[in-house]
Amino acid sequence: MTYRVLITDHPAATVEVERAVFDAAGVEMVVAESTDPASLAALAADVDAIATCFAKVPAAVLDNAPRCRAVARFGVGVDNIDVARAGELGMVVTNVPVYCVDEVADHTLMLLLALARRLVPFAADTAAGRWNRSFAPVPVRLRGKTFGIVGVGAIGSALIPRVAALGMEVMALSRHGGEVEGATAVGSLDELLTAADVVSLHLPLNSSTQHLIGARELALMKPTALLLNTSRGGLVDTAALTAALSEGRLGGAGLDVTEPEPLPSDHPLRTMANAVLTPHYAFSSDGSTADLSRTAAQHVLDVLAGRRPESIVNPEVLTSPALRTPELAR
């Protein structure tokens with residue numbers, strides 16, 4: 001039997017890395033031309049696995065995939081997949097949690113430096129033919145300031161030595177509590193928001209973190225503070241952030257992710273001098289994207305071969321009577 005895998009969308013410009021992995025295993029690859037749910041549902045009807053990057057994989061798609069054993073995410077977060085429904089149907093959901101740690105940590109640091117040094121407005125003014133050192137507000141000295149990290153997983157942990165090297169004091173709020181190596185652990189989000197000069201978010205998006213930073217939380221922050229988000233746009237209430245920035249109640253924001261994504265072309269955040277936006281590409285580098293494609297494809301092959309992949313998002317499915325790959329339960 002020849003297995004078929006649906007690629008809804010992919011992280012690189014081509015699918016050559018995935019194709020090489022699947023061709024070597026004799027697996028047929030179907031690449032979607034459209035990511036709307038109706039099109040994906042039609043393609044899912046006769047595939048054995050689905051691999052997705054940013055495309056939504058809702059229940060309507062999963063319900064129309066009676067042979068599908070695995071849904072593999074090209075990335076870390078799985079908020080674009082209906083994980084609960086996949087589990088109910090006996091599908092294993094996988095992700096790649098550690099492929100881009102350095103890239104995202106570096107990107108977060110870049111956003112910090114761009115904001116602190118007023119890089120974007122000064123660079124734009126200079127490119128326009130001027131040479132004006134007073135075009136933008138005076139840059140911020142980072143040494144001695146406090147950097148607050150919300151979420152101390154692999155990326156948050158990698159960020160600690162990077163910002164410490166700038167001479168910043170680091171405080172961190174871990175989802176699991178306890179001490180944090182290289183940082184002062186705090187007991188609550190409010191404590192961190194009140195004390196930090198920079199707040200950086202490194203959490204998954206779920207029902208408990210949706211709009212973690214809203215109007216109340218922004219009001220707790222110093223009016224000079226900077227907010228960085230390289231995780232998921234939904235962690236921040238976009239309307240509340242826009243208002244805080246435009247009214248001078250927050251010093252600046254560096255965002256690789258937004259809600260919605262992308263923002264409308266005329267959204268005020270796109271042109272604010274105290275906001276730096278990038279198009280959700282913190283994960284990307286010449287090495288990380290290939291690693292991501294190869295690892296996610298291997299997860300698919302593992303499930304199809306009855307082997308447990310190295311990262312299962314919904315491990316409870318392994319004990320479910322609905323499990324479509326019974327070998328994984330052993």
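This tour moves through the structure in stops, each beginning with a selection to make in the viewer.

The model is predicted, so local features need pLDDT of at least 70, side-chain atom pairs count only at pLDDT 80 or more, and totals for chains, interfaces and linings use all residues. Residues are numbered from 1 along each chain as its sequence is written, and side-chain values use heavy atoms, with hydrogens and water left out.

**The seven-stranded sheet**

Helices (H or I, at least four residues) and strands (E, at least two) are DSSP runs, numbered from the N terminus. Two strands pair if DSSP finds at least two bridges between them. Please display strands 6 to 12: they form an open sheet of seven strands in the order 8-7-6-9-10-11-12, with parallel pairing. Strand 8 (184–185) and strand 12 (275–277) are the edges; each has a single partner strand, so one side of each is left without a neighbour in the sheet.

Next, select strand 11 (residues 252–255), which pairs with strand 12 in the parallel sense over three bridges. Within this pair, Gly254 has Val276 of strand 12 as its bridge partner. Then add helix 7 (residues 154–164), which packs on the sheet and touches strand 6 (146–150), strand 7 (169–173) and strand 9 (198–201). Contact here means heavy atoms within 4.5 Å. The direction of helix 7 makes about 175° with that of strand 6; axes are lines fitted to C-alpha atoms, for helices over the stretch in contact, and angles run from 0 to 180 degrees between N-to-C directions.

**Strand 7 and its partners**

Is strand 7 largely enclosed or left open? Four of its five residues are buried, so strand 7 is largely enclosed by the rest of the structure. Buried means under 20% relative accessible area, exposed over 50%, and partly exposed in between (1.4 Å probe, protein chains only).

Strand 7 pairs with strand 6 in the parallel sense over five bridges, and Ala172 in strand 7 stands opposite Ile149. Follow the chain from strand 6 through helix 7 to strand 7: this β-α-β crossover is right-handed. The term applies if, with the strands pointing away from the viewer, the path from the first strand over the helix to the second runs clockwise. Strand 7 also runs parallel to strand 8, joined by two bridges, where Ala172 has Ala185 as its bridge partner.

**The five-stranded sheet**

Now select strands 1 to 5, an open sheet with the order 2-1-3-4-5 and parallel pairing. Its edge strands, strand 2 (28–31) and strand 5 (92–94), each pair on one side only. Strand 3 (residues 49–52) and strand 4 (residues 70–73) pair over four bridges, with Ala51 opposite Ala72.

**The nonpolar cores**

A nonpolar core is a set of buried Ala, Val, Leu, Ile, Met, Phe, Trp, Tyr and Cys residues joined through side-chain atoms within 4.5 Å. The largest has 57 residues, of which Val5, Phe22, Leu112, Phe147 and Val163 touch the most other members. Helix 5 (residues 101–116) gives the most to this core, with nine residues. Apart from it lies another core, of 31 residues, including Ile213 and Leu269.

**Thr242**

Finally, select Thr242 in helix 10 (residues 238–246). Thr242 counts as buried because its relative accessibility is 12%. Not counting residues up to four places away in sequence, Thr242 touches His267, Pro268, Leu269 and Met272.
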